[in-house]
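Please open the model in your viewer and keep the sequence panel visible. The tour below proposes a series of selections and states what may be found at each.

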Amino acid sequence: MSLELMNNAIFVTLQDKGRFGYSHLGVTISGVMDEYAYLCANKMLGNSLEENILEIAFSNVVFKVNAPTQIAITGAICEFFINDIPKKCWETYNVKVGDIIKIAKILEGNRVYLGVSGGFDIKKEFGSNSTSIKENLGGISGDKLKKGDILPFKSYKISHNTRLKKEFIPSFDSELTLRVILGYQENNFNEEEKKKFFSNTFTLTNDFNKMACKLKGEPISCDINGIISEGISFGAIQIPNDGQIIILLKDRQTIGGYPKIGTVLSIDCFRLSQAREGTKIKFEEISLEKASKKVKDFYLSFS
């Protein structure tokens, strides 16, 4: 009763919403990069919205099914096959013993999500299955999956399949506008620099992983060179000495000493996680009140 990885995949990890309450110990939150895709997969499968899932970051991943279950594929648009028969993403499928699941070329976006009914039966560490490689926590042995790894689950036989309506499947655009809540350190950036930040277009570089992404563009200057290291939130926008923007993501360090102009709205970070190198990024200010409502409405839509 399991899913077995059949090849040497480049980067597949087990994730859930993350590991909360341990930042004071230096333990990162981690978790899925694209929570929208993650929540949709669990919703379609009838799972708890906090159930674990596989996050697949590169093409060519092959699994063998060792028990009947239902799977969901969401996130990036990819070439996806069951027993060499092409299937569509953002749908659920019934699979049986001996079936071969293949995630081939990723066509749009960066990360594919594969969930199963009831989730994988993996022991949690610090309250989460999320894999944090740098801390050797979660998943299987705190590392990415390797050939031969077994992911156990309870057998399910489900007669019906579901799919997400086309209007709810996200697009993967070459331009992205991210909403930003200005932080208390905004006073260390003069009005000209803030105007530059909100009026210019920046480019997503290949310096992009689960910890952070770096943008290239007109340098943003700060009146101070650094701050005493302090806690860092998801989506925090750091401005290092070279003025090139860094946006901190799920596997970010727990503290940092670069000044921060603000924070990208968390639900916009989910879209950012699927953006590719060369994507054009613009920023738009949003008030704390409006941001709180947007985030609240996002999660309520899944309840």
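How many bridges join β14 to strand β15 (residues 246–248), and do the two run parallel or antiparallel? Select both strands: 2 bridges join them, and they run antiparallel. Helices (H or I, at least four residues) and strands (E, at least two) are DSSP runs, numbered from the N terminus, and two strands pair if DSSP finds at least two bridges between them. Within this pair, isoleucine 237 stands opposite isoleucine 247 in β15.

Before proceeding, note that this is a predicted model, in which local features need pLDDT of at least 70 and side-chain atom pairs count only at pLDDT 80 or more, while totals for chains, interfaces and linings use all residues. Residues are numbered from 1 along each chain as its sequence is written, and side-chain values use heavy atoms, with hydrogens and water left out.

**The barrel**

Next, select β10, β17, β14, β15, β12, β11 and β18. In that order, these 7 strands close into a barrel with mixed pairing. From one strand to the next, the twist averages 40° (axes are lines fitted to C-alpha atoms, for helices over the stretch in contact, and angles run from 0 to 180 degrees between N-to-C directions).

**Helix α2**

Now add helix α2 (residues 191–199). The helix lies across β10, β11, β14, β17 and β18, and runs at about 125° to β18. Its buried residues (under 20% relative accessible area, with exposed over 50% and partly exposed in between; 1.4 Å probe, protein chains only) are Glu193, Lys194, Lys196, Phe197 and Phe198. Their cover includes β10 (175–182) and β18 (280–285). At the N-terminal end of α2, asparagine 190 acts as a cap, with a side-chain oxygen 3.0 Å from the backbone nitrogen of glutamate 192.

**The nonpolar cores**

Return to isoleucine 247 and display its surroundings. Beyond its neighbours within four places in sequence, its contacts (heavy atoms within 4.5 Å) include Leu178, Met211, Val264, Leu272 and Phe283.

A nonpolar core is a set of buried Ala, Val, Leu, Ile, Met, Phe, Trp, Tyr and Cys residues joined through side-chain atoms within 4.5 Å. The largest one has 81 residues, and Phe63, Ile247 and Phe283 have the most contacts inside it. Helix α1 (residues 35–45) gives the most to this core, with 8 residues. A second, separate core of 5 residues includes Ala212, Ile232, Ile246 and Leu248.

**Strand β1**

Finally, select strand β1 (residues 2–5), which pairs with strand β9 (residues 150–152) in the antiparallel sense over 3 bridges. Here glutamate 4 stands opposite isoleucine 150. Strand β4 (residues 61–65) is also joined to β1 by 3 bridges, again antiparallel, and leucine 5 stands opposite phenylalanine 63 in β4.

Conventions: A polar contact is a pair of N or O atoms within 3.5 Å; within protein, one must be able to donate a hydrogen and the other to accept it, and residues adjacent in sequence count only if both atoms are side-chain atoms.
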